[in-house]
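Biologist: Please pick one part of this model and give me a close look at its surroundings. Start with what the chosen residue touches, then work outwards to the rest of the chain.

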Amino acid sequence: MFKALSNAYRLEIFLYLADYCRPGEMSTEEEMRVSVGELGSGLGIAPSTVSHHLKELRHAHLIRMERNGKNIECWVEPDTLDQLITFFKHAKEGN
């Protein structure tokens, strides 16, 4: 996971998705997803670059992707986000 997030573009994409796609904030699962096109335009990154980095994030199990008609939607994998939060909480506490 950390290797995937070590790239500045991938970290930016991941943080954008984590901020945009927040479970439990009166959102349906569909509202927590962002299409690849929306993601690229929101971050000012070329579509080919976005696709490459999304592939790396998906292989690291940091995000999930699913085709919905002509769009490919992506969102943060909630379990993985919880694992990262737990890791950093323990690191902060010195455990």
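Modeller: Histidine 53 touches Asn7, Tyr9, Arg10 and Ile13, leaving out residues up to four places away in sequence. This is a predicted model, and the contacts are read from its coordinates. Histidine 53 belongs to helix α4, which spans residues 47-59. It counts as buried because its relative accessibility is 6%, and the cut-off for buried is under 20%.

One of its partners, arginine 10, sits in helix α2. With the residues up to four places away in sequence again left out, arginine 10 is in contact with Lys3, Ala4, Leu5, His52, His53, Glu56 and Leu57. Arginine 10 is buried as well, but it has no salt bridge. The nearest side chain of opposite charge is that of glutamate 56, 4.9 Å away. That distance has to be set against the cut-off of 4 Å for a salt bridge. Glutamate 56 is nevertheless among the residues that arginine 10 touches.

Two other partners of histidine 53, Tyr9 and Ile13, lead to isoleucine 45. Beyond its neighbours within four places in sequence, isoleucine 45 is in contact with Tyr9, Glu12, Ile13, Gly40 and Val50. Isoleucine 45 lies in the loop between α3 and α4. It is classed as buried because its relative accessible area is 9%. Isoleucine 45 and isoleucine 13 are 32 residues apart along the chain, and their C-alpha atoms are separated by 9.5 Å.

From here the nonpolar core comes into view. In soluble globular proteins, nonpolar side chains tend to be buried together. The largest nonpolar core of this model has 20 residues, of which Leu39 and Leu62 touch the most other members. Helices α1, α2, α3 and α4 and strand β3 each supply at least two residues of this core. The largest share, four residues, comes from α2, the helix that also holds arginine 10. Leucine 62 is in contact with Met1, Ala4, Leu5, Phe14, Leu57, Val76, Glu77, Thr80 and Leu84, setting aside neighbours within four places in sequence. Ala4, Leu5 and Leu57 from that list also touch arginine 10.

Just before leucine 62 comes a residue with another setting. Histidine 61 lies in the loop between α4 and β2. It counts as exposed because its relative accessibility is 57%. Its phi is positive, about 60 degrees, although it is not a glycine. Most residues other than glycine have a negative phi.

At the surface, Phe2, Phe87 and Phe88 form a nonpolar patch with about 320 Å² of accessible area together. Phenylalanine 2 lies in helix α1, residues 2-5. It is partly exposed because its relative accessibility is 42%.

For the chain as a whole, there are five helices and three strands, in the order α-α-β-α-α-β-β-α from the N terminus. Buried residues make up 33% of the 95 residues. Among contacts with a separation of 6 or more, 56% join residues 24 or more positions apart. The chain exposes about 6,400 Å², and carbon and sulfur atoms supply 52% of that area.

Notes: Residues are numbered from 1 along each chain as its sequence is written. This is a predicted model: local features need pLDDT of at least 70, side-chain atom pairs count only at pLDDT 80 or more; totals for chains, interfaces and linings use all residues. Side-chain values use heavy atoms; hydrogens and water are left out. Patches are made of residues with over 30% relative accessible area and no salt bridge: like charges are joined within 9 Å, nonpolar side chains (Val, Leu, Ile, Met, Phe, Trp, Tyr) within 5 Å. Accessible areas come from the Shrake-Rupley method with a 1.4 Å probe; for residues, only the protein chains shown count as cover. Buried means under 20% relative accessible area, exposed over 50%, partly exposed in between (1.4 Å probe, protein chains only). A nonpolar core is a set of buried Ala, Val, Leu, Ile, Met, Phe, Trp, Tyr and Cys residues joined through side-chain atoms within 4.5 Å. Contact means heavy atoms within 4.5 Å. Lys and Arg count as positive and Asp and Glu as negative; His and the chain ends are not counted.
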